[in-house]
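Please examine the sequence and the three-dimensional model shown below before reading on.

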Amino acid sequence: MQVWNNKATRSYNSLSGIPPKANALLQNLKQRFSGMQIEVGIPNAKNVFKNEGNNHLMLPVNILQKMTKDSDYTEMLKQDFQVFEQQMLRDTDNDSVQSSGFFIDLDESYGAWAIVKNLVPNGNNDSLRRTQQERQRYMYEGLEEQLPETQREAQRWFTKRIVIDLGVLYEQESSSTSRAVHVDMMLDLRA
């Protein structure tokens, strides 16, 4: 997730609510994807994490506004929302995931987050959680005995970028054409 300068953030926040067309589209999305908790806002590490539920989606107003003007973009996003829903179902059935969700950033990139306990993938098609588990293993190599049990119990993962390729979620490296081997995320240990 990029850090946006203060002027852009102030400009974004000064919008007086959601424009009527964008709000109508938002209500339509909430009906069509009724299993998702869709919120409007600028995603950041402070506002995306929720303590319950594996069905969160945050998107900024500028994405809704673009959707009202570009039907091809809207259809692409709706298809991608279906992929998010599939992962949300996997996370709901995954005892190691306490809470999780996705976001669309101001630059139209996708990201994901999760609060997990001893993360395990849920099935063969759970590429996103498998990659995160590999990264978790790499980060904790040799540290298991040094960390108190309370810190190993719950972790907040913040994925900076994900891509959808043929209906599968992948973590993305800095190169936009390659699927990630090394996951770019922030680990915030909770006491």
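The report that follows treats one helix and its packing, a hairpin, two residues with positive phi and two residues of a strand.

The model is predicted: local features need pLDDT of at least 70, side-chain atom pairs count only at pLDDT 80 or more, and totals for chains, interfaces and linings use all residues. Residues are numbered from 1 along each chain as its sequence is written, and side-chain values use heavy atoms, with hydrogens and water left out.

**Helix H2 and its packing**

Helix H2 covers residues 20-32 and has 13 residues; helices (H or I, at least four residues) and strands (E, at least two) are DSSP runs, numbered from the N terminus. From first C-alpha to last, H2 reaches 18 Å, close to the 18 Å expected at 1.5 Å a residue, where the expected span is 1.5 Å times one less than the number of residues.

The buried residues of H2 are Ala22, Leu25, Leu26 and Leu29. Here buried means under 20% relative accessible area, exposed over 50%, and partly exposed in between (1.4 Å probe, protein chains only). Seen down the axis of H2, these buried residues fall within an arc of 105°, so they line one face of the helix; the arc is that of the directions from the helix axis to the C-beta atoms. An α-helix has 3.6 residues a turn, so residues three or four places apart point the same way. Pro20 and Gln31, on the other side of H2, are exposed.

The buried residues of H2 pack against strand S1 (37-40), helix H3 (61-69) and helix H4 (71-92). H2 and H4 pack at an angle of about 35°, with their axes 12 Å apart; axes are lines fitted to C-alpha atoms, for helices over the stretch in contact, and angles run from 0 to 180 degrees between N-to-C directions. Asn28, Leu29 and Arg32 of H2 make the contact with Lys78, Phe81 and Gln82 of H4, contact being heavy atoms within 4.5 Å.

**The S5-S6 hairpin**

Strand S5 (residues 155-165) runs antiparallel to S6, and 4 bridges join them; two strands pair if DSSP finds at least two bridges between them. The two strands form a hairpin with 2 residues between them. Val163 stands opposite Tyr170 in S6. Along S6 (residues 168-171) the side chains alternate: Leu169 and Glu171 point to one face and are buried, whereas Val168 and Tyr170 point to the other and are not.

**Positive phi outside glycine**

Two residues in loops are listed below.

| Residue | Phi | Loop | Relative accessibility |
|---|---|---|---|
| Glu108 | about 75° | between S3 (97-104) and S4 (110-116) | 33%, partly exposed |
| Leu166 | near 55° | between S5 and S6 | 79%, exposed |

Neither is a glycine: Glu108 has its positive phi although it is not one, and Leu166 is likewise a residue other than glycine.

**Ser99 and Ser100 in strand S3**

Ser99 lies in strand S3 and counts as buried at 0% relative accessibility. The C-alpha atoms of Ser99 and Lys50 are separated by 6.6 Å, although the two residues are 49 residues apart along the chain. Not counting residues up to four places away in sequence, Ser99 touches several residues, including Lys50, Asn51, Glu52, Trp113 and Ile115.

Ser100 also lies in strand S3 and is buried, with a relative accessible area of 1%. Leaving aside neighbours within four places in sequence, the contacts of Ser100 include Asn55, Asp91, Trp113 and Arg129.
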